[in-house]
Amino acid sequence: SDVCSSDLFNKITKSTSDKLLEQAELHKSHGDVLLRLNDYTCATSYYEAALSLISSRSNVTIGATCIIRRNGDAVTAEIDCIDSDQYDVTFPCESGEEEEATVPKNDILLSVCCEDRAYLQPRCLLNLSRCLVKLAEYDTTRGDVGCVGQSTRASRQDKYRSAAVLGCSITITLCEHLKESSRDISLLDSLIGKAHLIRSRAFIYRNMLRNAMVDAKKLILRNPNDKEALDR
């Protein structure tokens, strides 16, 4: 009886996950069409909708893999314990060993979807970041704006570019994590290269030239013939 119940639960869970992925794929397809039509505002809403289905913090459970904000970087971590709005996590550090920490809910940037065989998460994040960089160019609205949970205000254009930088950073971290268990290394490397290029552009417009140069150099190391990176 317990075995049957477990099998039924697994089937229901898989069916629900498959439906969410199908819906996310549909949202991404709509976003891609709008991106090609240069309708960046509407495309952004579709990419965000796709990501909310498969990347929401509400999907975070004990044992799940997430991308968290740590000392200004996006790093991969595993959830060990959940206590209200606090998460105990384990993540790798530069020494190669693992480190434990307690982080607030807002520092959970993305829940990694293990069933995402089509790499919807990094592809949506990449195109969303591309849209945000374009919106910073086309939206000439003046005045500073604030975001929920942020005490500082900045221009609308800088907020777009800051979000694009974060989106690209998450994309790079996520793709590096996926490479550990994927056969599509070339695809993931391509996504990483595009994320470095988009992030470099966002850094340039934010007058963070040193950061832009770091991204450009990483891109050149991956693809020495990349003309756009050579022009950075």
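Residues enter a surface patch here when they have over 30% relative accessible area and no salt bridge, with like charges joined within 9 Å.

**View 1. A patch of negative charge on the surface of the predicted model.** Six acidic side chains, E78, D80, D83, D88, E98 and E100, gather on the surface to form this negative patch. Strand β2, which spans residues 73-83, and strand β4, which spans residues 98-104, each supply at least two of the patch residues, and β2 gives the largest share, with 3 residues. D88, another member of the patch, lies in strand β3, which covers residues 86-92.

**View 2. The salt bridge between D158 and R206.** The side chains of D158 and R206 meet with an N to O distance of 3.1 Å. Because D158 belongs to helix α4 (residues 156-178) while R206 sits in the loop between α5 (185-205) and α6 (209-222), the pair ties together parts that are 48 residues apart in sequence. In total, the count of salt bridges comes to 8.

**View 3. Stretches of the chain with pLDDT below 50.** The protein chain averages a pLDDT of 84, and 83% of the residues score at least 70. Over residues 1-13, however, the pLDDT is below 50, and this stretch has 0 contacts in the model beyond near neighbours in sequence. Residues 146-150 also stay under 50, and for them the model has 4 contacts beyond four places in sequence.

Definitions and conventions: Residues numbered from 1 in each chain as written. Predicted model: local features only at pLDDT ≥ 70, side-chain atom pairs only at ≥ 80, totals over all residues. Heavy atoms only, no water. pLDDT = per-residue confidence, 0-100. Contact = heavy atoms within 4.5 Å. Patch = residues over 30% accessible without salt bridge, like charges linked within 9 Å, V, L, I, M, F, W, Y side chains within 5 Å. Areas by Shrake-Rupley, 256 points an atom, 1.4 Å probe, with all protein chains shown as cover. Salt bridge = Lys/Arg side-chain N within 4 Å of Asp/Glu carboxyl O. Lys, Arg positive; Asp, Glu negative; His and termini not counted. Charge placed at Lys NZ, Arg CZ, Asp CG, Glu CD. Helix = DSSP H or I, 4+ residues; strand = E, 2+ residues; numbered from the N terminus.
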